Amino acid sequence: METTLTGPDGSPAGPLDGLLDGFAGTYDEQLARFPVREPAWQPVHTVYVPADRVTADIVQQWRHAATDLLHRLLFTPAELAALFGLDPDLAQPVHDRVRRKLHAEPIEDLRIDFEDGYGPRSSEEEDRHTESAAAAVAAMHAAGTLPRRWGLRVKSFADGDPRRSVRTLDGFLTGVVRRAGELPAGFTVTFPKVLMEDYLRQFAGCLEALERASRLPTGTLRFEMQVEAPQTVLMLQRSAGLVPSLGGRLAAAHFGVFDYTASLGLPPDEQRLDHPACDHARHVMQTALSGTGVELSDGSLAAAPASDAAADVHALLRRHSALVSHSLAHGFYQGWDMHPSHLVSRFTTVYAFHLACYEKYADRVRAWQERRTAAGGVLDEPATIKTLVAALARADRALC
């Protein structure tokens with residue numbers, strides 16, 4: 001005789017009844033930790049400029065310097081292809097895109113630096129530069145030259161003076177809003193040298209308080225943490241709930257190569273972005289922040305051409321391009337640029353990276369949709385197709 005089990009409400013019951021009572025809560029926690037979001041536009045670089053050097057025409061200055069370099073040393077597509085080892089078929093489209101990009105949008109993300117690039121200053125001097133930087137931003141906003149993403153890097157709480165850090169941020173925000181009449185879209189703030197997890201929560205709390213004081217909509221002020229110490233890498237490894245604990249304010253994590261390699265005791269000549277120790281740190285960042293919606297950015301090459309001579313400029317561009325390629329191959333699609341010459345090697349390398357595989361990736365997606373084998377006999381898995389679609393979307397955003 002068949003027996004039908006019933007639950008407390010009279011509905012049919014089974015052997016799993018009661019075992020899944022906590023599912024809804026667990027699923028809600030999953031969505032909080034790993035929100036499902038459509039990939040958004042992400043800048044391919046962040047340009048860092050010390051606060052005392054930021055003026056209303058900083059974008060034009062970088063545009064002019066990078067365009068002059070391109071015209072002087074890489075005027076033809078063939079010259080560009082020879083320097084960067086491009087496929088000849090990519091020389092013309094890459095050269096055209098770099099030239100247009102430098103004219104239309106040489107800087108996608110600008111960070112005004114009040115930390116290492118700025119150095120120790122008196123409180124009065126930092127206050128003056130806070131005001132002048134805010135004035136420069138407001139002028140760029142009025143002129144329509146403010147990059148799509150912009151912001152400042154404050155001093156670290158690890159320096160022992162969090163009030164100086166927050167004072168600069170408060171003064172900068174107040175100055176921009178007072179002059180521009182609003183906080184222009186695209187603002188973010190970089191929070192460096194995170195040695196203690198509580199610093200992140202304390203800083204998030206400061207952002208909330210500044211938001212209220214400035215009467216900004218809730219969630220307007222977000223920040224990016226810098227990963228530039230072994231302690232920070234360990235923090236990411238052991239703290240699964242870190243991102244949700246910050247109330248949605250953590251927007252990105254940026255790798256800091258020089259502080260990180262120095263803290264490991266690597267010799268000066270080995271303090272480089274493509275060192276295996278840096279690969280480890282970046283892979284931890286990827287693993288710990290995967291699925292959280294937090295963007296990832298690589299670090300920088302802190303070098304300019306040794307002179308204006310073609311040989312010195314070419315050497316710098318090749319080295320920077322190699323580092324950008326290394327980042328891209330490891331899934332880091334954004335990095336820091338510290339000198340106008342870096343714009344040429346950054347955009348050249350990024351465009352070549354996306355164009356080289358675009359048609360191949362598109363064919364594999366079409367083959368999947370048409371239930372046929374792709375060129376070369378490739379049979380893709382669903383997870384790979386998802387990655388291919390994401391790569392094409394990222395390419396479309398970078399190449400537009």
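In the predicted model, His 254 of strand β8 is the bridge partner of Gln 226. This bridge belongs to the pairing of β8 with strand β7 (residues 223–227), which runs in the parallel sense and comprises five bridges. Strand β8 also pairs with strand β9 (residues 295–297), again in the parallel sense, over three bridges. Within that second pairing, Ala 253 has Leu 296 of β9 as its bridge partner. Strand β8 thus has pairing partners in both β7 and β9. The strand spans residues 250–255, and six of its six residues are buried, so β8 is largely enclosed by the rest of the structure.

At the level of the whole chain, 14 helices and ten strands are assigned. The chain has 400 residues, of which 46% count as buried. The C-alpha trace extends over about 95 × 60 × 45 Å along its principal axes. The accessible surface amounts to about 19300 Å², and carbon and sulfur atoms account for 55% of this area. When contacts between residues at least 6 apart in sequence are considered, 75% of them join residues at least 24 apart.

A nonpolar patch on the surface is formed by Leu 19, Leu 20, Phe 23, Tyr 27 and Leu 31. Together these residues present about 530 Å² of accessible area. One of them, Leu 31, lies in helix α1, which covers residues 23–33. The relative accessible area of Leu 31 is 34%; because this value falls between the 20% and 50% limits, the residue is classed as partly exposed.

Val 44 is located in the loop that connects α1 to strand β3 (45–50). In contrast to the partly exposed Leu 31, Val 44 counts as buried, with a relative accessibility of 7%. This assignment follows because the value is under the 20% limit for buried residues. With residues up to four places away in sequence left out, Val 44 is in contact with Glu 108, Tyr 333, Gln 334, Gly 335, Arg 346, Phe 347, Val 350 and Ala 398. A further C-alpha distance was computed for Val 44: Arg 282 is 238 residues away along the chain, and the two C-alpha atoms are separated by 17 Å.

Methods:
Residues are numbered from 1 along each chain as its sequence is written. This is a predicted model: local features need pLDDT of at least 70, side-chain atom pairs count only at pLDDT 80 or more; totals for chains, interfaces and linings use all residues. Side-chain values use heavy atoms; hydrogens and water are left out. Buried means under 20% relative accessible area, exposed over 50%, partly exposed in between (1.4 Å probe, protein chains only). Helices (H or I, at least four residues) and strands (E, at least two) are DSSP runs, numbered from the N terminus. Two strands pair if DSSP finds at least two bridges between them. Patches are made of residues with over 30% relative accessible area and no salt bridge: like charges are joined within 9 Å, nonpolar side chains (Val, Leu, Ile, Met, Phe, Trp, Tyr) within 5 Å. Accessible areas come from the Shrake-Rupley method with a 1.4 Å probe; for residues, only the protein chains shown count as cover. A salt bridge is a side-chain nitrogen of Lys or Arg within 4 Å of a carboxyl oxygen of Asp or Glu. Contact means heavy atoms within 4.5 Å.
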